[in-house]
Amino acid sequence: MKVQVFAKLKDYFDKEFQLNANIQNAEALKEHLIRSNPAAAGILERCRFAVNDEFVDTHFQITENDTIFIIPPSSGG
């Protein structure tokens with residue numbers, strides 16, 4: 001699966017990367033990323049996940065061919 005991260009998450013992960021782990025859903029992906037970089041846990045807990053350009057809940061089933069976007073909260077002004 002292809003993963004893209006935005007904003008503050010780019011401090012912890014490459015902006016775009018391939019992940020070849022056996023991950024079933026967005027929650028499992030989040031847990032996998034936290035294990036690989038525990039310093040990112042706080043921000044990952046507050047992120048929204050989108051699969052193939054649509055926001056999904058954490059139980060949404062993902063496949064190896066999906067593109068996942070992880071979007072941290074932001075504030076505007």
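Let's start with A7. It sits in the loop between strand 1, residues 2–5, and strand 2, residues 16–18. Its phi is near 50°, a positive value in a residue other than glycine. Keep in mind that this is a predicted model.

There is another residue of that kind. D53 is not a glycine, and its phi is positive too, at about 75°. Look for D53 in the loop between strand 3 and strand 4. Is D53 buried or exposed? It is exposed, with a relative accessible area of 68%.

Now step back to the whole chain. How many helices and strands does it have? Two helices and five strands. Reading from the N terminus, the order is β-β-α-α-β-β-β. The radius of gyration is 12 Å, and the globule rule gives 11 Å for 77 residues, so the chain is as compact as a globular protein of that length. Along the principal axes, the C-alpha atoms fill a box of roughly 35 × 25 × 20 Å.

Some totals. Of the 77 residues, 40% are buried. The chain exposes about 4,800 Å². Carbon and sulfur atoms supply 46% of that area. Then the contacts. Take those between residues at least 6 apart in sequence: 49% of them join residues at least 24 apart.

Next, charges. The structure holds four salt bridges. I'll go through some of them.

Take E16 and K2. Their side chains meet in a salt bridge at 3.6 Å, N to O. E16 lies in strand 2 and K2 in strand 1, so this pair ties together parts that are 14 residues apart in sequence. Both ends are partly exposed: E16 has a relative accessible area of 45%, and K2 comes in at 27%. Remember K2. We'll meet that residue again.

On to K8 and D11. Here the side chains meet at 3.0 Å, N to O, again as a salt bridge. K8 is partly exposed, at 46% relative accessibility. D11 is exposed, at 55%.

Now helix 1, residues 26–36. E27 and K30 form a salt bridge there, 3.3 Å from N to O. They are three residues apart in helix 1, which puts about one helical turn between them. How do the two ends compare for burial? E27 is partly exposed, with a relative accessible area of 22%. K30 counts as buried, because its relative accessibility is 8% and the cut-off for buried is under 20%.

That pair has company. E27, K30 and E45 are linked in a network of salt bridges. Where is E45? In the loop between helix 2, residues 41–44, and strand 3, residues 48–51. E45 and E27 are 18 residues apart in sequence, yet their C-alpha atoms are 9.7 Å apart in space. Leaving aside neighbours within four places in sequence, E45 is in contact with K30 and I34.

One more residue in helix 1: S36. S36 is partly exposed, with a relative accessible area of 48%. Set S36 against Y12. They are 24 residues apart in sequence, and 9.9 Å apart from C-alpha to C-alpha.

Last stop, D66. Find it in the loop between strand 4, residues 54–56, and strand 5, residues 67–71. D66 is buried, yet it has no salt bridge. Which side chain of opposite charge is nearest, and how far away is it? It is K2, at 12 Å. And K2, as we saw, has a salt bridge with E16.

What does the side chain of D66 reach, then? One partner is N52: the two side chains make a polar contact at 2.8 Å. Another is the backbone nitrogen of T63, which the D66 side chain reaches at 2.8 Å.

Around it, not counting residues up to four places away in sequence, D66 touches M1, K2, V51, N52 and Q61. So K2 appears in that list of touching residues, while its side-chain charge is the one at 12 Å.

To recap the charged residues. E27, K30 and E45 share a network. E16 and K2 tie strand 2 to strand 1. K8 pairs with D11. D66 is buried without a salt bridge, and its side chain has a polar contact with the side chain of N52. That's the tour.

Key. Residues numbered from 1 in each chain as written. Predicted model: local features only at pLDDT ≥ 70, side-chain atom pairs only at ≥ 80, totals over all residues. Heavy atoms only, no water. Helix = DSSP H or I, 4+ residues; strand = E, 2+ residues; numbered from the N terminus. Buried < 20%, exposed > 50% of the residue type's maximum accessible area, 1.4 Å probe, protein only. Lys, Arg positive; Asp, Glu negative; His and termini not counted. Polar contact = N/O pair within 3.5 Å; in protein donor to acceptor, adjacent residues only side chain to side chain. Contact = heavy atoms within 4.5 Å. Rg over C-alpha atoms; globule rule 2.2 N^0.38 Å. Areas by Shrake-Rupley, 256 points an atom, 1.4 Å probe, with all protein chains shown as cover.
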